[in-house]
Amino acid sequence: MTDPATGLRETFVQLADTLVDDFDLIEFLDQLVLRCVELLGVCTAGLLLADARGTLTMVAASDEQTRLLELFQLQNSEGPCLDCYRNVEPVVCPDLVRARGRWPKFARRAEAVEFRSVYALPMRLREEVIGALNLFGSRPALLDDDGLRLGQALADVATIGILHNRLLQRQEMITAQLQSALNSRVVIEQAKGVLAERLRISVDEAFGVLRAHARSNNLRILTVATGIIDRTVEIPR
């Protein structure tokens, strides 16, 4: 059996490795909540991530019961994970019985499925907050300070991994857009030369003719340029 220290090292390596070609965000988050259960000794774990508009969505849970409870939080706009995300700070609730006044609906639902404590940890890097991690216990005061620090460390390294992957995707998209623009420019320059030779005009005049034809026919310049090169577009002088 894997000892705790080895399991912890393996977990951090897995959570940090988001640069693989076949990186799957859902699988990554499922792994995170399952590892939280294993390493922290909590009953279950769930995770909410924010979309581009800042709206939280349930994206991972270690079991179906937790998934439904997380959805219940979102549907009722009440619960520790929402408070954690909104205030960007951990929410520590060692005894759910004492939280009935704070989250009346959530506390009753959580107690009904035999949860007795809950801890919500923010997923953030500097000023950017992307979600919150929920840890549920079957008894009061399940996690001590060391457990909370480890839980936050897991949330932190996962956050870094997610943001790093998003940055990489944006860079790849920008690179692809730039390459597309460069390719388009090559085609347009070729078309200018071809048109200048056919019409016996200067290259600058050829570009003016190309652009005017595109506008008058409601076409993209690249489309007209491609047509000039493959002779599907004829522009009279």
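**Exercise 1. Work out whether C84 counts as buried or exposed in this predicted model.**

Step 1. Start with the number: C84 has a relative accessibility of 0%.

Step 2. Hold that against the cut-off, where buried means under 20% relative accessible area. C84 therefore counts as buried.

Step 3. Now look at where C84 sits. C84 is one of the buried residues of helix α4, along with P80, C81, L82, D83 and Y85. Helix α4 covers residues 80-87, and 6 of its 8 residues are buried, so the helix is mostly covered.

Step 4. For contrast, try C43. Its relative accessible area is 33%, so C43 is partly exposed.

**Exercise 2. Find out how many disulfides the structure holds, and check C84 as a candidate.**

Step 1. Recall the chemistry: a disulfide is a covalent bond between the sulfur atoms of two cysteines.

Step 2. Pick the partner to test. The closest cysteine sulfur to that of C84 belongs to C81, at 6.1 Å.

Step 3. Apply the limit: the two sulfur atoms have to be within 2.5 Å. At 6.1 Å, the sulfur of C81 is too far from that of C84 for a bond.

Step 4. Check the total for the structure: 0 disulfides.

**Exercise 3. Decide how helix α3 is oriented against α4 and against α5.**

Step 1. Take α4 to begin with. The axes of α3 and α4 are 9 Å apart, and the packing angle is about 60°. That makes the two helices oblique to each other.

Step 2. See who touches whom. On the α3 side you have E70, Q73 and L74, which meet P80, C81 and L82 of α4. Sorted by class, this contact has 4 nonpolar, 1 polar and 1 charged residues.

Step 3. Move on to α5. Helix α3 (residues 64-76) packs against helix α5 (residues 104-112) at about 165°, with 10 Å between the axes. Angles over 145 degrees count as roughly antiparallel, so α3 is roughly antiparallel to α5.

Step 4. Add the handedness: the crossing of α3 past α5 is right-handed.

Step 5. List the contact residues here too. L69, F72, Q73 and N76 come from α3, and they meet K105, F106, R109 and A110 from α5. This set splits into 4 nonpolar, 2 polar and 2 charged residues.

Step 6. Spot the overlap: Q73 turns up in the contact with α4 and also in the contact with α5.

**Exercise 4. Compare K192 and E189 in helix α6: which is buried and which is partly exposed?**

Step 1. Place them. Helix α6 spans residues 145-199 and holds K192; E189 is in α6 too.

Step 2. Read off the accessibility. K192 is at 10%, so this lysine counts as buried. E189 is at 37%, so this glutamate counts as partly exposed.

Step 3. Look for what surrounds K192. Setting aside neighbours within four places in sequence, K192 is in contact with V203, A206 and F207.

Step 4. Follow E189 across the chain. A225 is 36 residues from E189 in sequence, while their C-alpha atoms are 8.4 Å apart.

**Exercise 5. Put these pieces into the whole chain: how many helices and strands are there?**

Step 1. Count the elements: the protein chain has 8 helices and 5 strands.

Step 2. Write their order from the N terminus: α-α-β-β-α-α-β-α-β-β-α-α-α.

Step 3. Bring in burial, as used for C84 and K192. Of the 237 residues in the chain, 40% are buried.

Step 4. Finish with contacts. Among those with a separation of 6 or more, 58% join residues 24 or more positions apart.

Definitions and conventions: Residues are numbered from 1 along each chain as its sequence is written. This is a predicted model: local features need pLDDT of at least 70, side-chain atom pairs count only at pLDDT 80 or more; totals for chains, interfaces and linings use all residues. Side-chain values use heavy atoms; hydrogens and water are left out. Buried means under 20% relative accessible area, exposed over 50%, partly exposed in between (1.4 Å probe, protein chains only). Axes are lines fitted to C-alpha atoms, for helices over the stretch in contact, and angles run from 0 to 180 degrees between N-to-C directions. Helices (H or I, at least four residues) and strands (E, at least two) are DSSP runs, numbered from the N terminus. Angles under 35 degrees count as roughly parallel, over 145 as roughly antiparallel, 65 to 115 as roughly perpendicular and the rest as oblique. A crossing is left-handed if the near helix is turned anticlockwise from the far one by less than a right angle, and right-handed if clockwise. Contact means heavy atoms within 4.5 Å. Ala, Val, Leu, Ile, Met, Phe, Trp, Tyr, Cys and Pro count as nonpolar, Asp, Glu, Lys and Arg as charged, and the others, Gly among them, as polar.
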